[in-house]
Amino acid sequence: MLAANVIGDSLTLGRQKFSRTMTEWLERTVAYFARRPDTQLVVRIHPGERYTKGPSVADVVHRALPGLDSDPSLAHIHLVTADDPVNTYDLVEIADLGLVYTTTVGMEMAISGAPVIVAGETHYRGKGFTLDPDSWETYFELLERALAAPAEHRLSREQVDRAWNYAYRFFFEYPQPFP
């Protein structure tokens, strides 16, 4: 499952690690999966896109894969739009692997024990419960390994506990009241 941020989300700006932008990461990732008909990819567009104007993650995906809606060889790639009545956390429960740029869904996927590859520089990167590539080469190597043996890449009990601990602090201890 690829969980996308809203395009232009301030949490993506200046957060590149090895891609120039989140858009480049999206394009290269869906192009990779286009060549992997043995693997299902669900791209979950952020529900917040319902309230924005401007480019959509759907536009990026359709530009990268022009035949997505009609080409049977791309039937393994599914786009869940912002308006679809699909609960993101239901997708998290059935996903074998999470792909994120900076969205908090990556941290929440780790809580469920799913391995998560983090492509951007986000606050939970490097905390011991995500896979954190620093180059395209490493990104695609991690992706290959995780797809080849999903069960072997599930998080350990210690990593899940670490993710829960971090999430608790992020959601409940870190926020400060504003007068």
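Student: Which residues of the largest nonpolar core touch the most other members?

Tutor: Trp-25, Leu-99, Tyr-139 and Leu-143, out of 34 residues. The model is predicted: local features need pLDDT of at least 70, side-chain atom pairs pLDDT 80 or more, while totals for chains, interfaces and linings use all residues. Numbering runs from 1 along each chain as its sequence is written, and side-chain values use heavy atoms, without hydrogens and water.

Student: What makes a set of residues a nonpolar core?

Tutor: The members are buried Ala, Val, Leu, Ile, Met, Phe, Trp, Tyr and Cys residues, joined through side-chain atoms within 4.5 Å. Helix 5 (136–148) is among the elements giving two or more residues to the largest core. Its share, seven residues, is the largest.

Student: Why is Thr-102 called buried?

Tutor: Its relative accessibility is 4%. Buried means under 20% relative accessible area, exposed over 50%, partly exposed in between (1.4 Å probe, protein chains only). So Thr-102 counts as buried.

Student: How do you know that the span of helix 6 agrees with its number of residues?

Tutor: The expected span is 1.5 Å times one less than the number of residues. For the 17 residues of helix 6 (157–173) that gives 24 Å; the end C-alpha atoms are 23 Å apart, so the two agree.

Student: What puts the buried residues of helix 6 on the same side?

Tutor: Val-160, Ala-163, Tyr-166 and Ala-167 are buried there. They cover an arc of only 130° around the axis, which puts them on the same side. The arc is taken from the directions from the helix axis to the C-beta atoms.

How values were computed. Helix = DSSP H or I, 4+ residues; strand = E, 2+ residues; numbered from the N terminus.
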